[in-house]
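I open this notebook to record, entry by entry, what I looked up in the structure shown here. I begin with the overall layout and then go through the parts in turn.

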Amino acid sequence: MSTLARTLRNLRKVGIRGYFHQLLYIGDTKAGTFIAKDRYGNKYYENVEQELPLRTRWVDYKDHEYSPYALAPAS
């Protein structure tokens, strides 16, 4: 669980719509830099400065019923 200060900071950065989208589909609020979009439409983000250790990268899946087959292979 994240701290109240971190949650409020991320709310200001992603906005109210992004905040609720993240809570519904990721279960946490995150704000970071857009890294890439793969051929399946998944969006990859990263924040190495203000996130907790080992939680610096995340994926926003295009479909809410995601499948592990819908991820691009690692290069």
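**Entry 1: Layout**

I looked up the secondary structure of the protein, and it comes to 1 helix and 3 strands. I keep in mind throughout that this is a predicted model. Reading from the N terminus on, I find the elements in the order α-β-β-β. I also looked up how much of the protein is buried, and I note that buried residues make up 23% of its 75 residues.

**Entry 2: The helix and its bend**

How far does α1 span between its end C-alpha atoms? I find that α1 spans only 19 Å, whereas a straight helix of 22 residues would span 32 Å at 1.5 Å a residue. I then looked for a bend, and I find that α1 bends by about 115° at Gly15. After α1 comes Gly27, and I note that its phi is positive, near 90°.

Which residues of α1 are buried? I list Arg6, Thr7, Asn10, Tyr19 and Gln22 as the buried residues in this helix. As background I wrote down that an α-helix has 3.6 residues a turn, so residues three or four places apart point the same way.

**Entry 3: A nonpolar patch**

I next looked for nonpolar surface, and I find a patch of about 300 Å² that is made by Ile16, Phe20 and Leu23. I checked one of these residues further: Ile16 is found in helix α1, which covers residues 4-25. Ile16 counts as exposed because its relative accessibility is 54%, and the cut-off for that word is over 50%.

**Entry 4: The strands and how they pair**

I took the strands in order, and I find that β1 (residues 33-37) is joined to β2 by 4 bridges, with the two strands running antiparallel. Within this pairing, I note that Ala36 has Tyr44 in β2 as its bridge partner. Ala36 itself is found in strand β1, and it counts as partly exposed because its relative accessibility is 31%. I also looked up a distance across the strands, and the C-alpha atoms of Ala36 and Glu46 are 9.8 Å apart in space, although the two residues are 10 residues apart in sequence.

The hairpin of β1 and β2 has 5 residues between the strands, and there I find Gly41 with a positive phi near 95°.

Moving on, I find that β2 (residues 43-46) and β3 pair in the antiparallel sense, again over 4 bridges. Which residues of β3 lie on its covered face, and which on its uncovered one? For this strand, which covers residues 57-60, I noted Trp58 and Asp60 on the covered face, and Arg57 and Val59 on the uncovered one.

**Entry 5: The loop after β2**

I looked at Asn47, which lies in the loop between β2 and β3. Asn47 counts as buried because its relative accessibility is 7%, where the cut-off is under 20%. I also looked up its separation from Ile35, and the C-alpha atoms of these two residues, 12 residues apart along the chain, are separated by 9.9 Å.

**Entry 6: Salt bridges**

How many salt bridges are there? I count 2 salt bridges in the model.

One of them is formed by Asp28 with Arg6, and I find the closest N and O atoms 3.4 Å apart. Asp28 lies in the loop between α1 and β1 while Arg6 lies in helix α1, so this pair ties together parts that are 22 residues apart in sequence. I checked the cover on both partners: Asp28 counts as buried at 10% relative accessibility, and Arg6 is also buried, with a relative accessible area of 4%.

I then turned to Glu46, which forms a salt bridge with Arg57, and here the closest N and O atoms are 3.0 Å apart. Glu46 lies in strand β2 and Arg57 in strand β3, so this pair ties together parts that are 11 residues apart in sequence. Glu46 also stands opposite Arg57 of β3. Are these two partners buried or exposed? I find that Glu46 is partly exposed, with a relative accessible area of 24%, whereas Arg57 counts as exposed at 64% relative accessibility.

Definitions and conventions. Residues numbered from 1 in each chain as written. Predicted model: local features only at pLDDT ≥ 70, side-chain atom pairs only at ≥ 80, totals over all residues. Heavy atoms only, no water. Patch = residues over 30% accessible without salt bridge, like charges linked within 9 Å, V, L, I, M, F, W, Y side chains within 5 Å. Areas by Shrake-Rupley, 256 points an atom, 1.4 Å probe, with all protein chains shown as cover. Salt bridge = Lys/Arg side-chain N within 4 Å of Asp/Glu carboxyl O. Buried < 20%, exposed > 50% of the residue type's maximum accessible area, 1.4 Å probe, protein only. Pairing = 2+ DSSP bridges. Expected span 1.5 Å × (residues − 1). Bend = angle between axes of the 7 residues up to and from the residue.
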